[in-house]
Protein chains: 2
Amino acid sequence: MVGIDDVARAAGVSTATVSRALSGRGPVSTATRERVLVAAEELGYVVSAAASSLATGRARAVGVVVPFLDRWFFSTVLAGISDALVREGYDITLYSVSGDPVERHRVFDDHLRRRRIDAVITIALELDAEESASLRGLGVPIVAIAGPNPLLTTLTVDDLAVGRLATDHLLALGHRHLVHIGADAATAAGSTVPGLRRRGFVEQLAAAGITDAVVEPADFTIEGGSAAATRALTAANPPTALFAASDEMAIGAILAARELGLRVPEDVSIVGVDGHELGRWFSLTTVDQFARGQGGRAAEAVLAALDGAEPGRGLGTLPFELVDRGSTAAMAR
Amino acid sequence: MVGIDDVARAAGVSTATVSRALSGRGPVSTATRERVLVAAEELGYVVSAAASSLATGRARAVGVVVPFLDRWFFSTVLAGISDALVREGYDITLYSVSGDPVERHRVFDDHLRRRRIDAVITIALELDAEESASLRGLGVPIVAIAGPNPLLTTLTVDDLAVGRLATDHLLALGHRHLVHIGADAATAAGSTVPGLRRRGFVEQLAAAGITDAVVEPADFTIEGGSAAATRALTAANPPTALFAASDEMAIGAILAARELGLRVPEDVSIVGVDGHELGRWFSLTTVDQFARGQGGRAAEAVLAALDGAEPGRGLGTLPFELVDRGSTAAMAR
DNA sequence: CTGTTAGCGCATTCAA
DNA sequence: TTGAATGCGCTAACAG
């Protein structure tokens, strides 16, 4: 492998000058810089991440921690992050943490601590106190996407408002008997994404004078949404509208409704959250949260922090928007 | 940050001993090792990746290069890789390369060359000669998933056989007028995944005495599949069966057929390839290729290579299997 | 089995 | 503007 001294020799300068010319830090005459650049190019020299990192303390890499890789939202956000980061020359080191405590511990207390990354982005990660502390102990900028985490700098949509918006949409159409598919009662207490969406639902109903908000818990998969919708729609007094806390569940609900011989939206209105690419194929009305853009924003926030900008908590709120594609309609009278 | 000398001091030994005790390389008495382990644990010591990498030449990280992050197949394979790799203490460094030549060049000739990774896994990447050379020049084990790349060690399903199996399934049901949705003519020439599936289709038809194989090119998205199916089904002499080269396109085809008022499978049989999780919701018959397992296998292959096993080319073939879920039926007579 | 020593490849002082 | 020297934190010889 060609090293910095090969370049130095080829350019007839010292390694210090090569380093300065290539990194842009420190004074180098234009002519010298040119010679170094040419020599480096010709030799195909690339600086060793390990050596550079050891000498500077900067790794030119950002760690991204996700709970799932194979779900649409996460891979889409990740794509947004990747786009933005690679443009700035940063590598992405990917950490997927399941629910297994042993594995989580290994990621938080070993992998992430190897000083391989200059910053961390977490996506919709629910962290316990110990894990949060562990992250903060890293001493690097951390940006948490999705879910207001009081312990971290967050970049998140106002999920309470999202829940309200979706609910309001249904109420405005005249629906009075709604069911929410999402977080269970236990989760609703916390400030997690599912919990907030559920609370938005409950609060908005209450504001409309409806106090018996019904919630069918589900696990954010198509299958879970389908099962929850089936339960709701086959109950004694079935709802005329469903609000699913994710598009995947909403799609499951649409499929379940069809299976039950119900027409969407004539017999039941259904609204989701996400902006899943599949939504248009189901004419799904949804609250789009622009997942890919979230990744981009997070990457920018991290880069800004690495440039020295000291971001405050609650770095920013992300946009969301109701997209009416036709799976909701005014209540038949 | 706590360093190796802090541990050494705490344990009353030299840094060399700490290194040996923690890494497991070299002889250490059980008692000493125990003391070191305790001291390291108490201090929360984690070895610096940069320093260790610089000293050993090993980075404990594997690079994964993908063309897309936000498509089901890729994120699913990635999840499989991640699972297997994290268990062995390896980090994943993720590189997403688009079609943009400038960006590709930067990834192949800069990022990947930083000596940050001990091995590379590529997923369904179509590389030009220069890129292949660049990868091989890295001097690390490389495993290419999907697509027989003559220049790399590959781990791939026999996509020619996949194409034949799907086609055969339709032929066995009595269909004689089939259309393939997949690679265009230009792509068919090469040994890419889409090209091979298409050739499997054409060859199997030929074997059955059908020489006018019809192919509708599409781009492996739901939308592309839908458009291609619409073209095929509205043609003068519409086919009774469609073979889509991916489940996403097959789902698009099902949606298109429905839109045209055609019943699946009564009016048209449709078969896909992948084993996409969404398939079951469309009763999609498909050739499952166990994407997640592919990731696992690739990770294992890479780990074996890092353990010194010198793998030959064409490392192995991956399993695939026809899953009949009901979107195909015997031809109505 | 353990400690001492000498780098790994680069970035940054400090002098010139 | 440039070069020589030093050290980033760790590992691998080598001696003991």
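Which side chain has an N or O atom 2.9 Å from a base nitrogen of DNA strand C? In this predicted model, the side chain in question belongs to Arg20(B). The paragraphs below place this contact among the other features of the protein and its two DNA strands.

The relation between the protein copies is considered first. A turn of 180° with a shift of 0.0 Å along the axis lays chain B on chain A, and the RMSD is then 0.1 Å. The two copies are thus related as by a two-fold rotation axis. Of the interface residues of chain B, 98% are also interface residues in chain A, so the copies meet through the same surface.

Within chain A, three domains are assigned: domain 1 covers residues 4–56, domain 2 combines 61–157 with 291–318, and domain 3 spans 159–288. The centres of domain 1 and domain 3 of chain A, taken over C-alpha atoms, are separated by 59 Å.

DNA strand C has 25 residues around it, of which Ile4(A), Ser19(A), Tyr45(A), Thr17(B) and Thr32(B) come nearest. Of the atoms of DNA strand C that come within 4 Å of the protein, 65% belong to sugar and phosphate. One contact with the phosphate is made by Ile4(A), where a backbone N or O atom lies 2.6 Å from a phosphate oxygen of the strand. The bases of DNA strand C are also approached. Besides the side chain of Arg20(B), which has an N or O atom 2.9 Å from a base nitrogen, a polar backbone atom of Ala55(B) is 3.4 Å from a base oxygen. Two or more residues of the surface near DNA strand C are given by each of H2 and H4 of chain A and H2 and H4 of chain B. H4(A) provides the largest share of this surface, with four residues. By class, the surface near DNA strand C comprises twelve nonpolar, nine polar and four charged residues.

DNA strand D is surrounded by 26 residues, and those that come nearest are Thr17(A), Thr32(A), Ile4(B), Ser19(B) and Tyr45(B). Sugar and phosphate make up 67% of the atoms of DNA strand D that come within 4 Å of the protein. Several polar contacts involve phosphate oxygens of this strand. In chain A, a backbone N or O atom of Ser14(A) lies 2.9 Å from a phosphate oxygen of DNA strand D, and for a backbone N or O atom of Ser29(A) the corresponding distance is 2.8 Å. In chain B, a polar side-chain atom of Arg58(B) lies 3.0 Å from a phosphate oxygen of DNA strand D. The elements that contribute two or more residues to the surface near DNA strand D are helix H2 (15–23) and helix H4 (49–56) of chain A, together with helix H2 (15–23) and helix H4 (49–56) of chain B. The residues of this surface divide into twelve nonpolar, ten polar and four charged.

Aromatic pairs and backbone geometry were examined next. Over all chains, the whole structure holds seven aromatic pairs. One of them is formed by Phe201(A) and Phe243(A); the pair is tilted, with 6.1 Å from centre to centre and 50° between the planes. Phe201(A) lies in helix H10 (residues 193–207) of chain A and Phe243(A) in strand E8 (residues 241–244) of chain A, so the pair ties together parts that are 42 residues apart in sequence.

Most peptide bonds are trans, and most residues other than glycine have a negative phi. Against this background, the peptide bond joining Val264(A) and Pro265(A) is cis, with omega about 10°. Pro265(A) belongs to the loop between helix H12 (247–259) and strand E9 (269–274) of chain A. In chain B, a cis peptide bond with omega near 10° leads from Val264(B) to Pro265(B), and Pro265(B) is placed in the loop between helix H12 (247–259) and strand E9 (269–274) of chain B. A further backbone feature concerns Arg60(B), which is not a glycine but has a positive phi of about 55°. Arg60(B) is located in the loop between H4 and strand E1 (61–66) of chain B.

Technical notes
Residues are numbered from 1 along each chain as its sequence is written. Chains are lettered from A and ligands numbered from 1 in the order in which they are written. This is a predicted model: local features need pLDDT of at least 70, side-chain atom pairs count only at pLDDT 80 or more; totals for chains, interfaces and linings use all residues. Side-chain values use heavy atoms; hydrogens and water are left out. Copies are superposed by least squares on the C-alpha atoms of residues with pLDDT of at least 70 in both. Contact means heavy atoms within 4.5 Å. A residue is near a molecule or strand if one of its heavy atoms lies within 4 Å of it. A polar contact is a pair of N or O atoms within 3.5 Å; within protein, one must be able to donate a hydrogen and the other to accept it, and residues adjacent in sequence count only if both atoms are side-chain atoms. Ala, Val, Leu, Ile, Met, Phe, Trp, Tyr, Cys and Pro count as nonpolar, Asp, Glu, Lys and Arg as charged, and the others, Gly among them, as polar. Domain bounds come from an automatic or database domain assignment. Rings of Phe, Tyr and Trp (its six-membered ring) pair if their centres lie within 6.5 Å; planes under 30 degrees apart count as stacked, over 60 as edge-to-face and the rest as tilted.
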